[in-house]
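Hello,

Here is the structure I promised to pass on. Please open it first, then read my notes below.

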Amino acid sequence: MRILVAEDDATLADGLMHSLRHSGHAVDWVKTGAEADGALASSEFDLLILDLGLPKMGGLEVLRRLRARQSQLPVLILTAMDGIEDRVRGLDLGADDYLAKPFVLAELEARVRALARRGRSDSPVLCHGALSYDTEGKVASIRGEVIGLSARELALLKILLQRAGRMVSKEHLVDHVCEWGEEVSANAIEVYIHRLRKKLERGGVKIVTIRGLGYCLERPRPN
Ligand code: CA
């Protein structure tokens with residue numbers, strides 16, 4: 001997933017980002033409400049982690065504006081321990097869940113997993129011919145045999161699997177796998193796809209290149 005972290009406490013944000021990246025997510029960080037609002041209006045994310053006590057536009061206002069734009073983006077708010085009123089207002093404004101500070105990172109991770117699940121109604125295991133990918137355990141296997149994929153390859157595979165049989169543009173892959181300021185170009189995506197394709201080949205799983213446009217995970221042939 002691509003996650004936006006809006007948190008003005010640099011130490012806390014650092015810990016959050018480290019932990020989320022370790023779990024294979026692409027994470028962007030903003031320190032003010034105004035920046036969060038701008039980022040949300042211009043980029044696509046899969047989840048927002050929003051501190052309510054932000055400078056230059058509070059978190060509640062960021063959330064109100066987000067929902068006013070009809071966005072369904074899952075939002076996890078971070079509140080002060082004694083911020084019960086803010087928490088209630090946040091949930092009323094359409095936040096999906098909250099965590100009171102201080103919290104342990106394992107708890108945050110669990111909330112993030114739950115919100116990711118809520119975002120899609122299907123099973124956490126995506127199957128495609130001989131290939132299966134457990135999106136929670138982050139394990140891909142061919143006929144039950146685990147294949148070694150990097151975090152980035154897994155992220156690409158997930159997007160392709162979710163849109164199997166349909167074209168996925170390179171830009172979409174760049175947006176959902178990479179973070180701001182990261183020097184990951186459409187060319188780098190080609191390299192990742194090339195590696196992924198090689199690893200999937202023996203399972204008869206084909207990633208087709210649609211010239212100048214993107215990629216498509218070919219529908220599995222019926223046996
Ligand atoms: Ca704060």
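**Two sheets and the helices on them**

In the β11–β12 pairing, isoleucine 207 has leucine 217 in β12 as its bridge partner. The model is a predicted one. I start with the sheet that holds this pair.

The antiparallel sheet

This is an open sheet of 3 strands. Their order is β10-β12-β11, and the pairing is antiparallel. The edges are β10 (167–169) and β11 (207–210). Each has a single partner strand, so one side of each has no neighbour in the sheet. Direction ignored, neighbouring strands here are turned by 30° against each other on average.

Now the pairings. β11 and β12 (residues 214–217) are joined in the antiparallel sense by 4 bridges. Valine 208 has cysteine 216 in β12 as its bridge partner. β11 and β12 also form a hairpin, with 3 residues between them. Look at glycine 212 in that turn: its phi is positive, at about 75°. On the other pairing, β10 and β12 share 3 bridges, again antiparallel. There, serine 169 has glycine 214 in β12 as its bridge partner.

Which helices lie across this sheet? Helix α6 lies across β10, β11 and β12. Its direction is at about 70° to β12. Helix α7 (residues 170–177) lies across β10 and β12. Helix α7 runs at about 65° to β10.

Where α6 meets α8

Helix α6 covers residues 151–162, and helix α8 covers residues 186–201. Their axes come within 10 Å and cross at roughly 80°. That crossing angle makes α6 roughly perpendicular to α8. Which residues make the contact? From α6 come Arg152, Glu153, Leu156, Leu157 and Leu160. From α8 they meet Ile189, Tyr192, Ile193, Arg195, Leu196, Lys199 and Leu200. By class, the contact of α6 with α8 has 8 nonpolar residues and 4 charged ones. It has no polar residues.

The parallel sheet

The other sheet to look at has 5 strands and is also open. The order is β2-β1-β3-β4-β5, with parallel pairing. Its edge strands are β2 (26–30) and β5 (97–100). Each of these two pairs on one side only. From one strand to the next, the twist averages 20°.

Inside this sheet, take β1 (residues 2–6) and β3 (residues 47–51). They run parallel and are joined by 4 bridges. Isoleucine 3 stands opposite leucine 47 in β3. Helix α2 (residues 33–42) packs on the sheet. Helix α2 touches β1, β2 and β3. The direction of helix α2 makes about 160° with that of β1.

Rings and charges

How many aromatic pairs does the structure hold? The count is 0. A charge does sit over a ring, though. The charged end of lysine 31 lies over the ring of tryptophan 29, 4.7 Å from the ring's centre.

If you want a place to begin, try the turn with glycine 212. Then go to the contact of α6 with α8. Finish with lysine 31 over the ring of tryptophan 29.

Best wishes

How values were computed:
Residues numbered from 1 in each chain as written. Predicted model: local features only at pLDDT ≥ 70, side-chain atom pairs only at ≥ 80, totals over all residues. Heavy atoms only, no water. Pairing = 2+ DSSP bridges. Axes fitted to C-alpha atoms, helices over the stretch in contact; angles between N-to-C directions. Contact = heavy atoms within 4.5 Å. Parallel < 35°, antiparallel > 145°, perpendicular 65-115°, else oblique. Nonpolar A, V, L, I, M, F, W, Y, C, P; charged D, E, K, R; others polar. Phe/Tyr/Trp six-rings, centres within 6.5 Å; stacked < 30°, edge-to-face > 60°. Lys NZ or Arg CZ within 6 Å of the ring centre and 35° of its normal.
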